[in-house]
Structure formats: C-alpha cells, structure tokens
Amino acid sequence: MFTGIIEGSGLIKEVATTGSNRSFWVQSALSSEFSVDQSVAHNGVCLTIEGVSNDLYKVTAIAETINKTSAGNWKPGDVINLERCLRPSSRLDGHFVQGHVDTKGLCKKIIDREGSFECTFKFPKKFAPLLIEK
C-alpha cells in the first residue's frame with residue numbers, strides 16, 4: 001500500500017529487455033535506503049527492488065506492467081517519481097493507494113482553472129465501474 005506522497009525522484013540510467021520484460025537501473029538519493037524485495041512506486045507503478053549498488057538499484061517490469069502502465073516508455077535520462085511502501089506505524093499523509101494498475105488512459109483535454117487543472121481522460125469502458133469520482 002502507498003499514500004501517493006512522492007518521497008524523491010530517480011534517474012533512469014539503463015534499460016535492458018529480456019524476453020517480454022524490461023529491467024531498469026535507477027539512480028536515486030533514496031537507493032541506499034532500499035533493500036532487495038522492497039516494493040517501491042515508480043511514477044505510481046509498484047515494482048520490486050531486485051538489486052542495490054551504491055546510488056543505483058534495479059527493478060523489472062513484466063509484460064503486463066509494460067502494457068498497462070507508462071513503464072514501457074521509460075528510457076535512459078527520464079526522471080521518475082519515487083515512493084516507498086506504507087509502514088503501518090507511519091503517519092498517513094495522502095491517501096491509501098494500492099500501486100497496482102489495471103489499464104492505461106489517454107489524457108484528451110486539459111483545462112487551466114487558474115491554479116488547478118481539469119483533465120478529461122479516455123479509457124476502456126469495461127473499467128468505468130471501478131472508477132470513483134475524485
């Protein structure tokens with residue numbers, strides 16, 4: 001579980017494709033605090049830490065994750081938002097977020113509301129019953 005509060009950022013340093021999977025080496029100031037098998041949200045996508053080396057760590061996205069998230073578009077030089085998983089003893093800023101994604105949406109329109117933005121998204125109709133207003 002996650003709260004949706006970004007803790008830091010990571011720089012994609014290397015991308016490798018093996019079969020239908022894509023592995024990413026990410027550089028971050030948070031890397032030294034990560035451990036193997038820990039879940040970390042990457043731009044909202046929950047991925048498991050596979051290795052840590054100094055200020056770098058490795059995660060892999062499987063085919064389903066690549067097809068349903070933006071992870072398939074990540075390339076070296078991209079900066080991504082990072083959030084560690086929620087600890088039951090932590091303060092709960094933000095919201096409960098599972099970190100699991102079922103589909104991709106397409107932003108069709110953005111309206112500037114003078115300090116905030118109203119966005120209109122298109123997504124597969126079968127996912128409409130899963131959406132909650134706000």
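His-42 sits in strand β3, which covers residues 39-42. In this predicted model, the residue is buried, because its relative accessible area comes out at 0%, against a cut-off of under 20%. Its side chain is joined to that of Tyr-57 by a polar contact of 2.9 Å. Tyr-57 also turns up in the wider list of residues that His-42 touches, once those up to four places away in sequence are set aside: Leu-47, Tyr-57, Val-59, Trp-74, Ile-80, Asn-81 and Leu-82.

The strand that carries His-42 belongs to an open sheet of seven strands, ordered β4-β3-β7-β1-β2-β6-β5 and paired in the antiparallel sense. The edges go to β4 (45-48) and β5; each has a single partner strand, so one side of each is left without a neighbour in the sheet. Ignoring direction, neighbouring strands here are turned by 40 degrees against each other on average. As for β3 itself, three bridges pair it with strand β7 (residues 79-84), again antiparallel. Within that pairing, Val-40 stands opposite Arg-84 of β7. As a rule, side chains in a regular strand alternate between the two faces of the sheet.

Over to another part of the chain: what links β5 (51-53) to β6 (56-61)? A loop does, and Asp-55 is placed in it. Asp-55 counts as partly exposed, because its relative accessibility is 34%, and that class lies between the 20% and 50% cut-offs. Which residues does Asp-55 touch, leaving out those up to four places away in sequence? The list reads Val-26, Gln-27, Ser-28 and Ser-31. For Ser-31, the C-alpha atom is separated from that of Asp-55 by 5.1 Å, although the two residues are 24 residues apart along the chain.

A further antiparallel pairing involves strand β8 (residues 106-112) and strand β9 (residues 117-122), which are joined by six bridges. One of the residues taking part is Cys-107, whose bridge partner in β9 is Phe-121. The two strands form a hairpin with four residues between them, and in this hairpin Glu-114 takes a positive phi, near 55 degrees.

Put side by side, the two residues followed here sit in contrasting settings. His-42 is a strand residue with 0% relative accessible area, hence buried, and has a side-chain polar contact with Tyr-57. Asp-55, by contrast, is a loop residue that is partly exposed at 34%, and its contacts include Gln-27 and Ser-28.

Terms used
Residues are numbered from 1 along each chain as its sequence is written. This is a predicted model: local features need pLDDT of at least 70, side-chain atom pairs count only at pLDDT 80 or more; totals for chains, interfaces and linings use all residues. Side-chain values use heavy atoms; hydrogens and water are left out. Buried means under 20% relative accessible area, exposed over 50%, partly exposed in between (1.4 Å probe, protein chains only). Contact means heavy atoms within 4.5 Å. A polar contact is a pair of N or O atoms within 3.5 Å; within protein, one must be able to donate a hydrogen and the other to accept it, and residues adjacent in sequence count only if both atoms are side-chain atoms. Two strands pair if DSSP finds at least two bridges between them. Axes are lines fitted to C-alpha atoms, for helices over the stretch in contact, and angles run from 0 to 180 degrees between N-to-C directions.
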